[in-house]
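Welcome to a short tour of this protein. Take a moment with the sequence and the model below, and then we will walk through a few places inside it.

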Amino acid sequence: MEKLVSEEIAKKWQPTRKKIAPEKQLRFSVRLTESSSRFKDIVVKKQDGFTHIFLSTKSSENNSLNLEVMKEVQIALAKAAADDSKLVLLSAIGSVFCFGLDFASFIHCLTRNKKRESTKMAGAVKKFVNTFIQFKKPIIAAVNGPAMGLGASILPLCDMVWTNEKAWFQTPYATFGQSPDGCSSFTFPKIMGEASANEMLLGGRKLTAQEACDKGLVSQVFWPQTFNQEVMIRIKELASCNTAVLEESKALLRFNTKLELEQVNERECTVLKKIWGSAEGIDAILKYLQKKVEY
């Protein structure tokens with residue numbers, strides 16, 4: 001009976017895919033040329049010395065992460081790991097960086113088969129996060145707009161995070177009806193202290209770009225008008241460095257935490273699978289989505 005009720009609610013909730021105006025799509029003003037590789041949900045541009053990955057989702061709203069998006073990012077990172085790229089720049093096209101997991105599509109799968117779909121999504125998140133943990137070359141995140149959920153929690157796994165002054169950061173997991181992901185249960189307390197981490201992970205506190213910088217989640221904050229130029233200047237400087245020096249330096253910096261991050265990722269995804277596989281978990285996600293519709 002409970003399953004039938006959840007399915008009925010899910011059918012009534014039909015996610016809308018807003019059309020983004022062309023000017024918003026091009027807000028991250030980087031010229032995409034013939035050298036760009038177009039996937040369905042990302043754009044990959046091979047530049048001199050580095051690979052630029054843009055989130056530009058068609059299968060989800062607000063650059064949210066579903067199975068397809070995460071798989072494409074993993075493929076792009078695998079190619080960058082194998083080619084002559086010295087580093088990866090991760091950014092997004094549009095006015096949003098990433099709104100985390102795509103609950104709109106996930107909820108319909110869950111209501112059909114909780115056990116199968118919760119296992120599949122938890123496994124996908126685990127692989128996605130491990131790709132960042134295990135990537136040997138530097139990853140630089142250029143956050144052009146809001147970063148929420150996994151879109152924010154993945155940032156400490158990058159080596160530098162540069163942000164637009166208008167961006168904001170939030171991990172309202174309790175509101176989503178889920179537990180922390182992206183190793184945030186380990187990285188957030190380590191970076192900003194337990195009190196601030198608890199405010200974000202349990203209380204859902206939203207940080208401005210400058211607050212995120214002050215707490216150590218972000219490396220530098222730039223004005224919106226000069227954000228792209230500042231990012232590219234610094235990326236080109238990094239890309240001029242010796243490849244071996246960059247990789248060996250990153251290996252030293254991550255040596256003491258890599259194994260622990262993998263273990264944290266395993267624990268987080270085990271808990272997520274348990275929550276998503278429960279009727280209470282489905283109900284919490286449905287309530288969250290319903291609030292979004294009403295808002």
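## A starting point

Isoleucine 42 has a relative accessible area of 0%, so it counts as buried; the word buried means under 20% relative accessible area, exposed means over 50%, and partly exposed is in between, all with a 1.4 Å probe and protein chains only. You will find isoleucine 42 in strand β2 (residues 42-47). Its C-alpha atom is separated by 9.7 Å from that of methionine 70, and the two residues are 28 residues apart along the chain.

A word on how to read the model: it is predicted, so local features need pLDDT of at least 70 and side-chain atom pairs count only at pLDDT 80 or more, while totals for chains, interfaces and linings use all residues. Residues are numbered from 1 along each chain as its sequence is written, and side-chain values use heavy atoms, with hydrogens and water left out.

## The whole protein

The protein holds 14 helices and 10 strands. Helices (H or I, at least four residues) and strands (E, at least two) are DSSP runs, numbered from the N terminus. Of the 295 residues, 52% are buried.

Contacts, meaning heavy atoms within 4.5 Å, also tell us about the fold. Among those between residues at least 6 apart in sequence, 74% join residues at least 24 apart.

## Helix α9 and its two faces

Which residues of helix α9 (residues 194-201) are buried? They are Ser196, Ala197, Met200 and Leu201. These residues cover an arc of only 120° around the axis, which puts them on the same side of α9; the arc is that of the directions from the helix axis to the C-beta atoms. An α-helix has 3.6 residues a turn, so residues three or four places apart point the same way.

The buried residues of α9 pack against β8 (168-170), α7 (173-176), α8 (184-192) and β9 (206-208). On the face turned away from the buried side sit the exposed residues Glu194 and Ala195.

## Aromatic pairs

There are seven aromatic pairs in the structure. The rings of phenylalanine 103 and tyrosine 288 have centres 6.2 Å apart and planes at 80°, so this pair is edge-to-face. Rings of Phe, Tyr and Trp (its six-membered ring) pair if their centres lie within 6.5 Å; planes under 30 degrees apart count as stacked, over 60 as edge-to-face and the rest as tilted. The pair links distant parts of the chain, with phenylalanine 103 in helix α4 (residues 103-112) and tyrosine 288 in helix α14 (residues 279-294), 185 residues apart. Phenylalanine 103 counts as buried at 4% relative accessibility, and tyrosine 288 counts as buried at 13%.

Helix α4 also takes part in a pair between phenylalanine 106 and tryptophan 276 of helix α13, which are 170 residues apart. Their ring centres are 4.9 Å apart and their planes are at 80°, so this pair is edge-to-face. Both phenylalanine 106 and tryptophan 276 are buried. One aromatic cluster is formed by Phe103, Tyr173, Phe176 and Tyr288.

## Closed cavities

How many cavities of 30 Å³ or more are there? The count comes to two. On a 1 Å grid over the protein atoms alone, a cavity is a set of points where a 1.4 Å probe fits but cannot get out, and a pocket is an open set with protein on both sides within 12 Å along at least five of seven lines; lining residues have an atom within 4 Å of a point. Grid points are joined across faces, edges and corners, and a volume is the space filled by probe spheres set on the points.

The largest cavity has a volume of about 70 Å³. Its lining includes Leu55, Phe97, Phe128 and Ile154, and divides into 10 nonpolar residues, one polar and no charged. Here Ala, Val, Leu, Ile, Met, Phe, Trp, Tyr, Cys and Pro count as nonpolar, Asp, Glu, Lys and Arg as charged, and the others, Gly among them, as polar. The second largest cavity holds about 40 Å³ of space, and its lining has four nonpolar, no polar and three charged residues.

## An open pocket

The second largest pocket has a volume of about 470 Å³. Of its 24 lining residues, Pro156, Cys158, Asp159, Met160 and Arg254 lie nearest its centre. Helix α12 gives the most to this lining, with five residues.
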